[in-house]
Amino acid sequence: MSPSSERSWPACRPREPADWSRRWRLATEQFLGRAARAELEAIEDGEFRALLDSAYFGAQSSRTMTGACVGVMNGMFSLVAAAGVVTVLSPILLLIALPRGWGALHVARRRYASRMHWIEHERATRLVNSLITAKESATGVRVHQVGPFLLGHFRKMAHTAEAEQTRLADGRAVTELIAAAMVGAASAATYVGLGALWLTGHMTAATVATAALAIRSGSASLGALVDNVLRLHEESLYVRDLDRFSAEAERRAIPAGGEPVTDFPDQVTFEDVTFTHPDRDTPALCKVSLAFRRGAVVALVGANGSGKTTLVKILAGLHLPTTGRVRWGQTDLVEADRVDVFRHVAVLDQGLQRWPFTLRTNIQVGQPERESDDAIAHAAGYSGVDRLAETLPRGLSTLLARQFRGGSELSGGQWQTVGQARLRYREAS
């Protein structure tokens, strides 16, 4: 395609990189939004996690597909510009291009299948990497000398990954060798045919030279088009996983709407509640009946694995009972507006989430949509965070993430104080 003809098709040229980034952002926002609305049971499900991982690649591929689409459009315009050559020589060009397309398609599908098969392996490798470098595990890595142990795991996993990459590379080499041989044979047969036509006087030397140049130019344009189409196909496999994830996440999303829960219900009642995790045969809870009355302090006491955490998750509306009923006041949990149920619940556990935000924001995340300096000050005074803030460089505006410049770190006990302020700010019933 000449420079003048290329300029005549502005729509086929890539738009600004910012536009590509916007498309990636929109796809990623959709992906993250659906992940955030999924039931806790889905997030705890290994198969759903694997689908979530592949969907993440789909969000990235949504941006890459834009470039592939541009390449396909440019290739189409190139063929249109050479319509006469394509019409006359299309059987020959297809004979040359098809083996190349077959090889690229075969390699792309094998690469995709391998990635999907090893996707949890990749996640585990990233996890081991983070355990070696993360601040939370730094003490154990040093005091217990866990570093060499983790490095050993990383080495084994890396060797496995290298073996898989070698297998893919070997398969790709064989496939591309076969495809190249087929393309070479087709090209050789074509040029031999042209030579025979010249020798027998059916074509002049000038005509043969023109035809050879046309075949070379047309096969190059068609080959580029085939490459971009196959690149588009490979990326579409990951985008298809994003669509699959979107459909599955919607199916397993926390239902919207339902019956509202009365403000400060008199009690939450468990009636013969049984709960079985999807991957277990034995129930975590079996026919549990309890009443949590307003204003009461209730302690759940039992051996490890007796179902205390599961019961609390059901109480908070994070899980629904397999059988039996949970009533918030007179509202059945199954029929309740789950977001309304969450509005009544605040959680403070030993694994308190330490958000890498400022001290003020770490309190406000107790109720993110609410912005009240007075309420934050009240929660800080109630919990003792006000005194803690006086010891920090920027008070409530101090960043609680030492891994970033200007950030500070709190002790475990200080974080629990922040957690108490977060609960107070939430004002849950």
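**Entry 1: the end of α10**

I looked up the residue that follows helix α10 in this predicted model. Just after α10, Gly 317 has a positive phi of about 85°.

I then asked which residues of α10 are buried. I found Thr 310, Leu 311 and Ile 314. Viewed down the axis of α10, these buried residues fall within an arc of 100°, so they line one face of the helix. I noted the general rule that an α-helix has 3.6 residues a turn, so residues three or four places apart point the same way.

Against what do the buried residues of α10 pack? I found that they pack against β1, β2 and β3. I therefore turned to the strands next, keeping in mind that the buried residues of α10 line one face of the helix.

**Entry 2: the sheet**

I traced the order of the strands and recorded β2-β1-β3-β4, an open sheet of 4 strands with antiparallel pairing. Which strands stand at the edges? They are β2 and β4 (331-332), each with a single partner strand, so one side of each is left without a neighbour in the sheet.

I went through the pairs one by one.

- β1 (267-275) and β2 (285-293) pair in the antiparallel sense, and I recorded 6 bridges for them. Val 273 stands opposite Val 288 in β2.
- β1 and β3 also run antiparallel, joined by 5 bridges. Thr 274 has Thr 323 in β3 as its bridge partner, and Phe 270 has Val 326 in β3.
- β3, which covers residues 323-328, pairs with β4 in the antiparallel sense over 2 bridges. Arg 327 stands opposite Asp 332 in β4, while the bridge partner of Trp 328 in β4 is Thr 331.

How many residues lie between β3 and β4 in their hairpin? I recorded 2 residues, and Gly 329 in the turn has a positive phi of about 65°.

**Entry 3: the largest pocket**

I looked up the largest pocket and found about 1,500 Å³ of space in it. Its lining consists of 36 residues, and those nearest its centre are Leu 318, Phe 342, Val 345, Val 347 and Arg 426. The elements that give two or more residues to this lining are α2 (17-37), α3 (40-43), α10 (308-315), α11 (338-343) and α15 (412-426).

What is the make-up of the lining of the largest pocket by class? I recorded 22 nonpolar, 6 polar and 8 charged residues.

**Entry 4: the second largest pocket**

The second largest pocket has a volume of about 1,200 Å³. I recorded 32 lining residues for this pocket, with Ala 296, Leu 315, Val 345, Ala 346 and Ser 429 nearest its centre. Val 345 is thus named beside the centre of the largest pocket and beside the centre of the second largest pocket.

Which elements each supply at least two residues of this lining? They are β1, β2, α10 and α15. The largest share, 5 residues, comes from α10. By class, I noted 20 nonpolar, 6 polar and 6 charged residues in the lining of the second largest pocket.

**Entry 5: Val 339**

I next examined Val 339, which lies in helix α11. Is Val 339 buried or exposed? Its relative accessible area is 56%, over the 50% cut-off, so Val 339 is exposed.

I also looked up its distance from Gly 258. The two residues are 81 residues apart in sequence, and their C-alpha atoms are 9.2 Å apart in space.

**Entry 6: the chain as a whole**

I closed with the totals. The chain has 15 helices and 4 strands. Of its 429 residues, 36% count as buried. Among contacts in the chain with a separation of 6 or more, 73% come from residues 24 or more positions apart.

Definitions and conventions:
Residues numbered from 1 in each chain as written. Predicted model: local features only at pLDDT ≥ 70, side-chain atom pairs only at ≥ 80, totals over all residues. Heavy atoms only, no water. 1 Å grid on protein atoms, 1.4 Å probe; cavity = no way out; pocket = protein on both sides within 12 Å on 5 of 7 lines; lining within 4 Å. Points joined across faces, edges and corners; volume = space filled by probe spheres on them. Nonpolar A, V, L, I, M, F, W, Y, C, P; charged D, E, K, R; others polar. Pairing = 2+ DSSP bridges. Buried < 20%, exposed > 50% of the residue type's maximum accessible area, 1.4 Å probe, protein only. Arc of directions from axis to C-beta. Contact = heavy atoms within 4.5 Å.
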